[in-house]
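Here are my notes on the model, set out as numbered points so that each can be checked against the coordinates in turn.

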Amino acid sequence: MKEEITRRRALGVLLATTAAGASLPVYARKPGTGGGTLPDPATAPPLRTYFESEFEVGMAVSPYQFSDSVITSVVNKHASSLVAENDMKPHVIGVGPGTYNFGPGDEIVAYAEARGMVVRGHTLLWHSSAPEWFFAGDATSPGYAATVENRLITYVTDVVRHFAGKVHAWDVVNEVISDDSTQLYRSSRWYQVLGPSYIETALRAARAADATVQLFINDYSTEDPGKLSRLMSVVDDLRSRGVPLDGIGHQMHINISWPPVSNVASALSAVEARGLINHITELDVSLYDRDAGSCHSNPPLGCQSSMRVGSVQYKEAIRQQALQYRAMYNLFAQRESVTSVTTWGVCDKSTWLATWPTQRTNHPLLFDASGKPKSAFWAVVDPNFGP
Ligand code: G3I
């Protein structure tokens, strides 16, 4: 099915067909408009329809955005999947041992259910969202590690049970692979107390709590061959011991010139070779591709200075962004293994990249701050559109 749709799109026939063979609305082919003129937003095909036979179209949201009509108009038209940008993380849900704040996550689930959307769960364990109560106690006492492990099991069990039947896939562990080529595992608090076994513990507890939910390891920079290789070593180790795992989440916080599509293709292939599913979980394409290392370690030192909207530099970055998005979605559409593609945000009105690694203008999504489809959107849905 994916090959057939890709072939038709290459021919410029923007017709999607359901698995059952029913035709969906045909969207008129747009001539390449180039030159900064974009097609009428009213003619934009809903992404969730356009990619219906290929993957779920996801967007990261927060409940406060449900009263923002710019956000909801994009979400309601284009998304078939939602994920909580922050509200299902342990620092929000895990108020204390056995005490949970499910309210914001439940709101997102209710919003999705009312509109026939699915929900991805993000995330059960993350070093950046690890409340202190998990680690309370005397770290030198003999039972300390077992106590921490039991808190983890209880947390994962209760949260997965709460969302059973409502969340179809969980990022069980997030960012557990090291960026340092000399070690496999991130040296997080979890790792320091429990060693690598906490990954297996979390995966087994999630499976025991919900027999059918899809279980993912989610990470960034899987497009980097070294990081990918470390991740696959961990995956192979888990699988050799029968640890439940359904797929890999590729965050894909990328930029206008990195990575080459071949690197992403290699990452998807490595996962496919192990019989696992690929989800693209946090896609955005930054306009900045020349930040020095210090921009991340000691911002704003080495960060590219903010672009002025409308400048030559900005327009060129927006053009390159469109080509990057097109290359990525073309790849995802070709791969049967890619069953979900989520952008980390809805439109440029709200993005974590406006403040990270430094405060500056950054417009990394498919829709602009007023919710209108950008060049990147048209490049994805129209092979003849010339950004
Ligand atoms: O809600 C408060 C607000 O009341 C307060 O005034 C403001 C002042 O700092 O902070 C607000 O909370 C912020 C929250 O985002 C909501 O905007 C937190 O400080 C900030 O730390 C938090 O950042 C989130 C970050 O994860 C840490 O949880 C980002 O929104 C979110 O995009 C980011 O998402 C992560 C993924 O989970 C994992 N992969 C990387 C990705 C980007 O860092």
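In which strand does Thr-123 lie? Thr-123 lies in strand β7, and the points below begin from there; please keep in mind throughout that this is a predicted model.

1. The backbone at Thr-123. The peptide bond that leads from His-122 to Thr-123 is cis, with omega near -5°. Most peptide bonds are trans, and I would therefore ask you to look at this one in the viewer. The residue on the N-terminal side of the bond also has a place in the strand pairing, since His-122 stands opposite Asp-171 in β8.

2. The surroundings of β7. Strand β7 covers residues 118–126, and 8 of these 9 residues are buried, so the strand is largely enclosed by the rest of the structure. With strand β8 (residues 169–174), β7 pairs in the parallel sense over 5 bridges. Strand β4 is also a partner of β7, again in the parallel sense and over 3 bridges, and here Val-83 has Arg-120 of β7 as its bridge partner. Together with helix α6 (residues 144–162), the strands β7 and β8 make a β-α-β unit that is right-handed.

3. Strand β3 and its two partners. Strand β3 (residues 56–61) is mostly covered, with 5 of its 6 residues buried. It pairs in the parallel sense with strand β13 (residues 338–343) over 4 bridges, and it pairs in the parallel sense with strand β4 (residues 81–84), likewise over 4 bridges. Met-59 takes part in both pairings: its bridge partner in β13 is Thr-343, while in β4 Met-59 stands opposite Leu-82. Between β3 and β4 the chain passes through helix α3 (residues 69–78), and this β-α-β crossover is right-handed.

4. The loop residue Phe-134. In the loop between β7 and α6 one finds Phe-134, and this residue is buried, with a relative accessible area of 1%. Leaving aside neighbours within four places in sequence, Phe-134 is in contact with Pro-90, Val-148, Arg-151, Leu-152, Tyr-155 and Trp-190. The C-alpha atoms of Phe-134 and Pro-97 are separated by 7.6 Å, although the two residues are 37 residues apart along the chain.

5. The loop residue Ala-369. What is the degree of exposure of Ala-369? With a relative accessible area of 40%, Ala-369 is partly exposed, because a value between 20% and 50% falls in that class. Ala-369 lies in the loop between β13 and α13 (375–381), and, not counting residues up to four places away in sequence, it touches Val-70, Cys-347, Asp-348 and Lys-349. Of these contacts, the one with Val-70 joins distant parts of the sequence: the two residues are 299 residues apart along the chain, yet their C-alpha atoms are separated by 8.1 Å.

6. The packing of α9 and α10. The axes of helix α9 (residues 225–240) and helix α10 (residues 261–272) come within 11 Å and cross at roughly 5°; angles under 35 degrees count as roughly parallel, and the two helices are therefore roughly parallel to each other. From α9 the contact is made by Pro-225, Leu-228 and Met-232, and from α10 by Asn-263, Ser-266, Ala-267, Ala-270 and Val-271. By class, the contact has 6 nonpolar and 2 polar residues, and no charged residues.

7. Other backbone features to inspect. A further cis peptide bond joins Trp-258 and Pro-259, with omega about 0°, and Pro-259 has its place in the loop between β11 (253–255) and α10. Most residues other than glycine have a negative phi, and two residues deserve a look on that account. Glu-175, which is not a glycine, has a positive phi of about 60°; it lies in the loop between β8 and α7 (189–194) and is buried, with a relative accessible area of 9%. Ser-221 also has a positive phi, near 60°; it lies in the loop between β9 (214–219) and α9, but Ser-221 is partly exposed, with a relative accessible area of 26%.

Conventions: Residues numbered from 1 in each chain as written. Predicted model: local features only at pLDDT ≥ 70, side-chain atom pairs only at ≥ 80, totals over all residues. Heavy atoms only, no water. Buried < 20%, exposed > 50% of the residue type's maximum accessible area, 1.4 Å probe, protein only. Pairing = 2+ DSSP bridges. Right-handed = clockwise from strand over helix to strand, strands pointing away. Axes fitted to C-alpha atoms, helices over the stretch in contact; angles between N-to-C directions. Parallel < 35°, antiparallel > 145°, perpendicular 65-115°, else oblique. Contact = heavy atoms within 4.5 Å. Nonpolar A, V, L, I, M, F, W, Y, C, P; charged D, E, K, R; others polar.
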